[in-house]
Amino acid sequence: MQHFINVILPIPIEKQFTYKITEPESEILVPGMRVAVPFGKSKIYTGLVHSVHKIPPEVYEAKPIHQVLDDDPLVNKIQLEHWQWIADYYMCTLGEVFRSAVPSAFLLESETLILLNKRGEVDENDLKDDEFLVFEALQHQSMLRVHEVAAIIERKNTLPILNRLIAKGVIILKEEIYEQYRPKLVRYVKLGKTYQLEAELEKLLENLQRAPKQSQVILSLFQLEASTKKPIKVSELEMSSGASRAIIKALVDKEILEEYFIRTDRVNYDGESDVSNLKKLNEYQEKALEYIRQSFENEKVALLHGVTSSGKTEVYVELIEQCLKDGKQALYLLPEIALTTQLIGRLQDYFGEKVSVYHSKYNIQERVEVYNNVLAKKSKAQIVIGARSALFLPFSNLGLVVVDEEHESSFKQFDPAPRYHARDSAIVLGNLHKANILLGSATPSIESFQNARSKKYGFAQIERRYGNVLMPEMELVDIKEQHRKKRMKGHFSERLLEEIAETLEVGEQVILFQNRRGYAPIVECTTCGHSPQCPNCDVSLTYHQYRKQLRCHYCGHHMALQESCQACGSQTLDTKGFGTEQVEQELKTLFTEVKIARMDLDTTRGKHAYEKIITSFEQQEVDVLVGTQMVTKGLDFRNVNLVGIMNADSLLNFPDYRAHERSFQLLTQVAGRAGRTKKRGKVIIQTYNPYHQILRQVTDGDYEAMFKEQLYEREQYKYPPTNKIIQITFKHKEYNRLNEAAEWFAKSLRNLFTSNVLGPEYPPVARIRNQYLKHVLVKIPDGQSLTKTKKSIKRIEKSFNAISNFRAVRVIYNVDHI
């Protein structure tokens with residue numbers, strides 16, 4: 001009898017494909033194992049076994065698999081359930097979740113190799129110039145890859161040329177699977193077996209008297225072996241003997257030394273083996289912990305609302321400690337990679353090498369190792385700290401999920417699919433594992449706070465800062481008034497400059513927040529009003545002074561700063577608005593002696609860039625840190641006493657229903673960086689509208705008032721948490737076709753859902769990378785079934801794709817759009 005498997009492929013197709021397998025293969029294959037399978041005409045993909053059965057497919061003939069890639073499952077049963085929930089809830093395919101959930105090194109794909117057709121007769125005169133270049137290269141090389149052909153002919157699109165060469169019988173194509181992950185092997189050396197005996201060793205040392213450098217290597221090896229019980233690395237031997245690699249190689253060739261390799265992890269904990277004791281909790285933390293444990297006993301998600309610097313991390317640590325005692329794994333999710341760098345150190349002080357870290361700044365090899373460590377339940381992966389992608393690790397015994405700064409929008413994935421929210425997905429994951437779930441924030445999201453109010457979540461509160469330090473003193477500065485009185489120096493008010501000078505004088509540090517990177521968002525000609533635009537997007541180019549170039553923050557297009565206006569030719573160019581670069585430059589001219597660092601996307605591109613900036617600021621090598629919202633999130637600097645917000649209005653006047661909630665959260669969080677130890681900190685907020693309701697609520701620290709106001713507004717206008725929303729985006733390069741398609745889709749939605757459909761409408765940036773965008777917003781009231789609504793939208797999409805004119809228009813779903 002024939003056996004079959006259903007396979008998840010890492011591509012966006014709705015259904016799973018069925019492949020046939022042999023009797024012996026059916027005995028070893030189980031769900032969660034990887035197989036290489038042929039797909040399409042010649043491509044080979046890595047598929048994941050979803051189920052093993054005996055039912056042949058009806059529509060097509062099942063192909064045999066190419067090979068089995070695993071001995072044991074790479075993905076466990078709970079992960080597959082979790083993936084299925086993400087695919088259903090966020091309206092994407094299992095293949096897209098699979099692609100995003102496992103490190104790309106596990107997704108072996110075949111690579112097309114171009115070989116010379118030995119049997120064919122080639123008339124060189126018949127070949128065009130570019131074809132001849134490829135033919136000539138194959139005379140000297142046995143095979144070429146596609147990117148090598150592109151380099152030879154100096155063109156990205158190689159397909160037409162390859163097709164012509166196949167038609168002329170010059171080349172043949174072959175698919176080859178390649179493995180991306182290579183384990184790290186470290187070279188070690190020891191004395192050769194023959195010289196282990198004393199008599200042989202004496203002879204050797206006599207013989208080596210003529211070769212002092214080689215003799216030195218052997219003596220150094222003895223010294224190292226005497227001082228440490230560990231195996232000796234080649235690199236260590238090089239350093240201690242001062243010999244070159246060639247000398248050691250000569251000794252290995254003579255079989256005096258024997259080299260061997262040990263497989264090691266790329267990420268290792270180098271700290272002390274003894275770990276420090278946990279801090280003692282104060283009465284407020286103890287009380288909060290008590291409420292959290294009660295929620296866990298009632299099998300509820302717990303929300304911890306603790307003001308900034310109230311010691312929430314210590315509460316998490318206490319819970320993690322308990323979780324490890326029960327022999328379970330803990331997951332600690334953070335919104336920003338910058339936060340993980342600071343927290344890793346703190347958790348390693350408590351838990352030593354039990355902590356693993358997983359985020360996108362780690363290279364692919366390191367991520368594979370963390371994945372394998374969690375899969376193998378190793379002790380070094382009992383606690384995983386990471387950004388949202390850590391959610392997909394193969395936990396088998398998860399006991400605790402902590403989502404810190406749960407209000408953060410960075411937890412939501414925007415591109416590519418699955419467009420999941422890590423907080424909500426973590427709650428589902430925790431429930432599948434029957435684990436305890438804790439959300440923590442100084443400014444909870446409206447949804448989570450509403451869940452706590454309606455008793456769906458348990459609730460705990462810490463209203464005082466650790467050590468009874470007072471909340472920072474906040475002051476609003478009216479910059480409209482300051483401009484009128486000519487008291488501004490650049491973008492700094494007189495008041496802010498006074499405070500900066502005072503703070504620096506007493507040796508304390510300052511954080512300045514401006515939520516825009518670059519130097520200035522617009523360069524404008526004062527004569528004709530022209531400003532350079534991006535050719536691919538509907539947005540002006542941002543001026544970056546340190547590179548002297550204009551850059552598009554959407555597609556990456558850049559050009560050198562022009563000397564004169566491109567429209568009228570006059571040299572009267574001026575900048576409008578300001579970003580972090582300009583704040584940094586103005587500070588340098590105002591305070592010449594002060595050390596200033598900048599933390600934004602431009603300065604944190606490298607793997608360890610965050611760490612370097614944060615460490616130098618922590619160790620007080622830097623006096624002032626200028627940054628975008630990266631500096632606002634949960635970072636803990638002991639010596640910061642002043643926080644300056646350069647312009648609060650840019651946050652408030654944003655065309656988004658969450659603008660006010662976000663402004664409150666961001667301003668409260670950035671203010672929370674000030675005065676975290678003994679002395680009361682100070683926060684200065686510069687604004688053109690000091691009487692704005694949200695700014696008043698921030699200065700009073702009145703979260704409840706903001707919550708009530710926002711909840712009332714959202715109930716009125718049917719936004720979350722009272723309604724669910726799905727944003728549907730349409731994308732196409734032709735303006736008219738996009739308009740027609742979006743109108744047709746919106747009309748079909750209105751026939752079904754009447755008044756709860758907004759749009760189609762262009763977003764503020766209506767064209768990105770030469771693709772026009774249009775949004776439709778579907779609001780789903782409380783009583784309406786979410787599952788049925790999604791099915792109805794999918795049915796409309798099927799009819800939409802049946803219209804040949806609309807087939808090329810891309811439809812993107814964003815469930816719970818934020």
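Helix 3 (residues 94-101) lies across strand 1 and strand 4 (43-53), and its axis runs at about 110° to that of strand 4. Helices (H or I, at least four residues) and strands (E, at least two) are DSSP runs numbered from the N terminus. Contact means heavy atoms within 4.5 Å. Axes are lines fitted to C-alpha atoms, for helices over the stretch in contact, and angles run from 0 to 180 degrees between N-to-C directions. The model is a predicted one, in which local features need pLDDT of at least 70 and side-chain atom pairs count only at pLDDT 80 or more, while totals for chains, interfaces and linings use all residues. Residues are numbered from 1 along each chain as its sequence is written, and side-chain values use heavy atoms, with hydrogens and water left out.

Strands 1 and 4 belong to an open sheet of six strands with the order 5-2-1-4-3-6 and mixed pairing. Strand 5 (63-64) and strand 6 stand at the edges with a single partner strand each, so one side of each has no neighbour in the sheet. Two strands are taken to pair if DSSP finds at least two bridges between them. Strand 1 (residues 3-8) and strand 2 (residues 17-21) are joined in the antiparallel sense over five bridges, and I5 has Y19 of strand 2 as its bridge partner.

A salt bridge involves strand 3 of this sheet. A salt bridge is defined as a side-chain nitrogen of Lys or Arg within 4 Å of a carboxyl oxygen of Asp or Glu. The side chains of D70 and R34 form such a pair, at 3.0 Å from N to O. D70 lies in the loop between strand 6 (67-68) and helix 2 (77-89), and R34 in strand 3 (residues 34-39), so the pair ties together parts that are 36 residues apart in sequence. Both D70 and R34 are buried, where buried means under 20% relative accessible area, exposed over 50% and partly exposed in between (1.4 Å probe, protein chains only).

The count of salt bridges comes to 35. In the one between R419 and D415, the closest N and O atoms are 2.7 Å apart. R419 is buried, with a relative accessible area of 7%, whereas D415 is exposed at 52%. E734 and R737 also meet in a salt bridge, at 3.6 Å from N to O. E734 is partly exposed, with a relative accessible area of 38%, and R737 is partly exposed at 22%. Salt bridges that share partners join E473, E475, R495, E498, E499 and K682 into one network.

E499 is also among the buried residues of helix 18, together with L496, L497, I500, T503 and L504. These residues cover an arc of only 165° around the axis, which puts them on the same side of helix 18; the arc is that of the directions from the helix axis to the C-beta atoms. An α-helix has 3.6 residues a turn, so residues three or four places apart point the same way. The buried residues of helix 18 pack against strand 21 (509-513), helix 19 (580-590), strand 28 (624-627), strand 29 (640-645) and strand 30 (682-687). The expected span of a helix is 1.5 Å times one less than its number of residues. For the twelve residues of helix 18 (residues 494-505) this gives 16 Å, and the end C-alpha atoms are 17 Å apart, which agrees. Just after helix 18, G507 takes a positive phi of about 75°.

Strand 19 (residues 458-462) has alternating side chains: G458, A460 and I462 point to one face and are buried, while F459 and Q461 point to the other and are not. Strand 13 (residues 302-306) pairs with strand 19 in the parallel sense over five bridges, with Q461 of strand 19 as the bridge partner of H305. R453, in helix 16 (residues 446-453), is partly exposed, with a relative accessible area of 43%. Not counting residues up to four places away in sequence, R453 touches E704 and F707.

An open sheet of three strands has the order 23-24-25 and antiparallel pairing. Strand 23 (542-544) and strand 25 (558-560) stand at the edges, each with a single partner strand, so one side of each is left without a neighbour in the sheet. The twist averages 30° from one strand to the next. Strand 23 pairs with strand 24 (residues 549-551) over three bridges in the antiparallel sense, and the bridge partner of T542 in strand 24 is R551.
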